[in-house]
Amino acid sequence: METAIRKGKTPFHANHIFPFGLSQSGYFSSSESEALVAYGDTLYGLQNGLISPENAEEAMFVMELNSDETATLYAVKLWQKFLFAMTSSNCF
């Protein structure tokens, strides 16, 4: 994923939701799961206000994530896909 969003401080695995890993969940392509592992910690932090945006793209991520408009950033689309997969009844 080509982005100005910073990589997470720790790899993001979401093992409590996807016990066999993001890549084995059936929801994500290998490139999507790699991007989630690398950036998911930051995306989670930005979504939940645990970290503040440090650049324009991170600020745009927060803005688009909280908007009802269709997302333009790949990171937002990927994170929305993760959120949908996380709440899907097939995950539990």
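**Entry 1: ground rules**

I count a contact when heavy atoms lie within 4.5 Å. My helices (H or I, at least four residues) are DSSP runs numbered from the N terminus, and strands (E, at least two) are treated likewise. The model is predicted, so I note that local features need pLDDT of at least 70 and side-chain atom pairs count only at pLDDT 80 or more, while totals for chains, interfaces and linings use all residues. Residues are numbered from 1 along each chain as its sequence is written, and side-chain values use heavy atoms, with hydrogens and water left out.

**Entry 2: H2 against H3**

I started with two helices. Which residues of H2 meet H3? On the H2 side I found Phe 61, Glu 64 and Leu 65, and on the H3 side Ala 75, Val 76, Trp 79 and Gln 80. I sorted the residues of this contact into five nonpolar, one polar and one charged. For that I used this key: Ala, Val, Leu, Ile, Met, Phe, Trp, Tyr, Cys and Pro are nonpolar, Asp, Glu, Lys and Arg are charged, and the others, Gly among them, are polar.

Next I looked at the geometry. The axes of H2 (residues 56-65) and H3 come within 9 Å and cross at roughly 45°. That makes H2 oblique to H3. Axes here are lines fitted to C-alpha atoms, for helices over the stretch in contact, and angles run from 0 to 180 degrees between N-to-C directions. Angles under 35 degrees count as roughly parallel, over 145 as roughly antiparallel, 65 to 115 as roughly perpendicular and the rest as oblique. I also noted that the crossing of H2 past H3 is right-handed; that word applies if the near helix is turned clockwise from the far one by less than a right angle, and left-handed if anticlockwise.

**Entry 3: H1 against H3**

How do H1 and H3 cross? Their axes come within 10 Å and cross at roughly 90°. H1 is therefore roughly perpendicular to H3. From H1 the contact takes in Glu 32, Ala 35, Leu 36, Gly 40, Leu 43, Tyr 44 and Gln 47. H3 brings Tyr 74, Ala 75, Leu 78, Trp 79, Lys 81, Phe 82 and Leu 83. I sorted the residues of this contact into ten nonpolar, two polar and two charged.

**Entry 4: the aromatic rings**

A pair of aromatic rings is described by the distance of the centres and the angle of the planes. I let rings of Phe, Tyr and Trp (its six-membered ring) pair if their centres lie within 6.5 Å; planes under 30 degrees apart are stacked, over 60 edge-to-face and the rest tilted. By this rule I get eight aromatic pairs. Phe 28 and Phe 82 are stacked, because their ring centres are 6.4 Å apart and their planes stand at 25°. Phe 28 lies in the segment before helix H1 (30-47) and Phe 82 in helix H3 (residues 74-87), so this pair ties together parts that are 54 residues apart in sequence.

Are these two rings buried or exposed? Phe 28 is buried at 7% relative accessibility, and Phe 82 is buried at 2%. My cut-offs: buried is under 20% relative accessible area, exposed is over 50%, and partly exposed is in between (1.4 Å probe, protein chains only).

Trp 79 and Phe 82 also form a stacked pair, with 4.7 Å from centre to centre and 25° between the planes. Both sit in helix H3, three residues apart, about one turn of the helix. Trp 79 is buried too, like Phe 82. I then found one aromatic cluster formed by Phe 12, Phe 18, Tyr 27, Phe 28, Trp 79 and Phe 82.

**Entry 5: single residues I clicked on**

Ala 14, in the segment before H1, caught my eye. What is unusual in its backbone? Ala 14 has a positive phi of about 50° although it is not a glycine. Ala 14 is also buried, at a relative accessible area of 6%.

Ala 4 is in the segment before H1 as well, but at 44% relative accessibility Ala 4 is partly exposed. Its C-alpha is 6.1 Å from that of Glu 57, and the two are 53 residues apart in sequence. Leaving aside neighbours within four places in sequence, Ala 4 contacts Asn 55, Glu 57 and Glu 58.

Thr 42 belongs to helix H1 and is buried, with a relative accessible area of 4%. Not counting residues up to four places away in sequence, Thr 42 touches Ile 5, Arg 6, Lys 7, Gly 8, Ile 51 and Glu 58.

Gly 45 is in helix H1 and is buried at 4% relative accessibility. The C-alpha atoms of Gly 45 and Gly 8 are 9.0 Å apart, with these positions 37 residues apart along the chain.
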